[in-house]
Amino acid sequence: MFAPKFSFEQEQQFFLDIQQSIENNSFDRLILSQYKGEMAHLEKMTFRVIELQGQANLSCLYHYTTQDMTKNYAIYEGLEKIAELLSLSKQANLFTSDQDIQLKKNKKKAMLNTQKKQASTVKVEQQQHNREKQRYVQQQSPFLKHLGITDEKGQIIPSMARKWKQINKFIEIFSHAYEQIDATQQELNIVDFGSGKGYLTFALYDYLQAQHKTPLITGVELRSNLVEFCQNVADQTGFSHLDFFEGDVRSYQPEKLDVMIALHACDIATDFAIHTGIRLNASMIMCAPCCHKELRPQLKSPEVLQPMLQFGIHAGQQAEMLTDTLRALLLKAYGYETKVFEFVSLEHTSKNKMILATKRKDIQQPDAKIMQQIQALKAMYGIEKQSLELLLQDQMPIENIGCKC
């Protein structure tokens, strides 16, 4: 085995811990952050062990500002890459089945902190990359049977295969974003606006429990029959900190909020939900907008775009893109790192766009440069009213905020 050179004794010990955890199959994941090397816009790296063609490999997810990229390495090659990147990162977190280890460095010293875990029956499974994708939700979880995802034998019901894929994709997105916020926080206050039948709400609770966290989750839903159904399932599965509330973003006002979720909130209900997240200084905001209606009647075609926007379908698509761009820019102006991307492929749902925002800094005033960009876009398209902007300026009263679709 090669012997990399490190600046600190603690750094050397941390690398040895990585090697040992891989050798004894206790390795879960490694996160290297605060990268200071030459790769532009690289924020952090997440390493996991996967199986490729019957051989263990190290898979690294490189998180850049605007995109993610995955590379797979043979174990020996992967350890060399880890040693290289570790020397260029100011913080590293190693998660194993029996302990969590954190390394923090500055120019003068390095600090190593180790936290032992209690004995757990949860076994970390290796991803079989060429046969089965990694599942963030265990297929045998009892809540899946109650929700009609699995049958009595714990097998996925064929008609629910798409929903099963969507659940795992949602938790995958959440898990990556969760690593960027305060992952040491034991309790997480989460509100899911428009929770519906609770597929994603239950999956999130189950996932956080498996991470040894205490999720305090409320699903908010207008339909009373779904609220009653979900609360019964929560009681039957022993999810004691999962509650369901009959109402919407107008009638349910949480006092504390770490994560705000609003998937498929109709029209400006999405704006009210985002405003709730910003107002309560949520660490994470996840939205999948739909029914973009507010800007379409206001949209005036700039002369150069008139040949394109004369077609109704193009004008509608432009209104949707403009709506979600303004939302993303407002989140950025208020201190959030924001991404807009495809949630699940179009074969599973037409409502496939997600806005994901993680809190980066507390601000007293919104970023003036970004606010100028917003005004320029509004002027270009003749937009006079955008609900999220008005809510953030305390200029919009609570009113009827959308449809039930």
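This passage describes the salt bridges of a predicted model. In total, 16 salt bridges are present in the structure.

One of these joins Asp28 to Arg48, with a nitrogen-to-oxygen distance of 4.0 Å between their side chains. The two residues lie in distant parts of the chain, 20 residues apart: Asp28 belongs to strand β1 (residues 27-35), and Arg48 belongs to strand β2 (residues 42-52). Asp28 and Arg48 are both buried.

Strand β2 also contributes Lys44 to a salt bridge that links distant parts of the chain. The partner of Lys44 is Glu179, and the closest N and O atoms of this pair are 3.3 Å apart. Glu179 is located in the loop between α4 (161-178) and β9 (187-193), and 135 residues separate Glu179 from Lys44. Both Lys44 and Glu179 are buried. The two pairs belong to a network of salt bridges in which Asp28, Arg29, Lys44, Arg48 and Glu179 are linked.

A further salt bridge is formed by the side chains of Arg360 and Glu337, at an N to O distance of 3.0 Å. This pair, too, links distant parts of the chain, with the two positions 23 residues apart: Arg360 is in the loop between β15 (353-359) and α10 (368-381), while Glu337 is in strand β14 (residues 336-342). Glu337 has a relative accessibility of 16% and therefore counts as buried, the cut-off being under 20%. Arg360 has a relative accessible area of 39% and is therefore partly exposed, since this class lies between the limits for buried and exposed, under 20% and over 50%.

Methods
Residues numbered from 1 in each chain as written. Predicted model: local features only at pLDDT ≥ 70, side-chain atom pairs only at ≥ 80, totals over all residues. Heavy atoms only, no water. Helix = DSSP H or I, 4+ residues; strand = E, 2+ residues; numbered from the N terminus. Buried < 20%, exposed > 50% of the residue type's maximum accessible area, 1.4 Å probe, protein only.
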